[in-house]
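Here are my comments on the model, set out as numbered points for you to read alongside the coordinates.

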Amino acid sequence: MGLFDNAVPGGNITKPLMIALGALLVGKMLSGRSEEAATPQAPAPAGTDASADGGLLGGLGGLLDKLKNAGHGNVADSWVGTGQNQSINPGDLGSALGPAVIREIAQRTGMNEQELLQQLSTALPGIVDKLTPNGQVPQNHQVASAFNS
């Protein structure tokens with residue numbers, strides 16, 4: 001996985017988790033089935049700020065905005081900043097992302113929603129931290145490059 005080797009406790013990023021992270025942050029990452037890769041991506045759930053290469057929430061910035069708007073700005077800021085990463089409760093993460101986004105990602109990964117939220121709440125602090133080494137949020141194409149390396 002390169003950049004993300006030490007991002008997740010235990011160092012293990014499973015394929016479903018990478019699909020989930022890609023759906024949130026990159027958008028071009030689908031379920032890994034080759035026939036889906038050739039077809040246009042399904043529209044994002046209603047109420048999301050989708051962009052062509054920014055995932056279901058409009059990229060990393062969109063994810064951070066969702067967290068801040070849901071009252072978890074200090075947590076999100078800790079992931080981007082250079083200090084200790086704060087954890088987020090799976091239920092809080094689910095509330096911030098919204099049920100439509102969670103349902104969409106769960107369908108793409110084949111995971112149930114509770115397991116998805118548990119894994120995302122564990123992985124996101126380290127992943128966001130790795131994507132923002134200087135405390136700056138990268139552009140969507142830079143995030144996509146990190147997932148492809």
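1. The side chains of lysine 68 and aspartate 77 form a salt bridge, with an N to O distance of 3.3 Å; the model is a predicted one, and this distance should be read accordingly. Side chains of opposite charge can pair when their charged atoms come close.

2. As for the surroundings of this pair, lysine 68 counts as partly exposed because its relative accessible area is 40%, and aspartate 77 is likewise assigned as partly exposed because its relative accessibility is 40%. Both values fall between the limits of 20% for buried and 50% for exposed.

3. A search of the whole structure returns two salt bridges, and a salt bridge also joins the side chains of arginine 108 and glutamate 104, where the N to O distance is 2.8 Å. These two residues both belong to helix 6, which spans residues 99-109, and they are four residues apart, about one turn of the helix.

4. Are arginine 108 and glutamate 104 buried or exposed? Both arginine 108 and glutamate 104 are buried, which means that each has a relative accessible area under 20%.

5. Turning to a loop position, asparagine 89 is found between helix 4 (73-80) and helix 5 (90-97), and asparagine 89 is classed as partly exposed because its relative accessibility is 44%. The C-alpha atom of asparagine 89 is separated by 8.8 Å from that of threonine 122, although the two residues are 33 residues apart along the chain.

Conventions: Residues are numbered from 1 along each chain as its sequence is written. This is a predicted model: local features need pLDDT of at least 70, side-chain atom pairs count only at pLDDT 80 or more; totals for chains, interfaces and linings use all residues. Side-chain values use heavy atoms; hydrogens and water are left out. Buried means under 20% relative accessible area, exposed over 50%, partly exposed in between (1.4 Å probe, protein chains only). A salt bridge is a side-chain nitrogen of Lys or Arg within 4 Å of a carboxyl oxygen of Asp or Glu.
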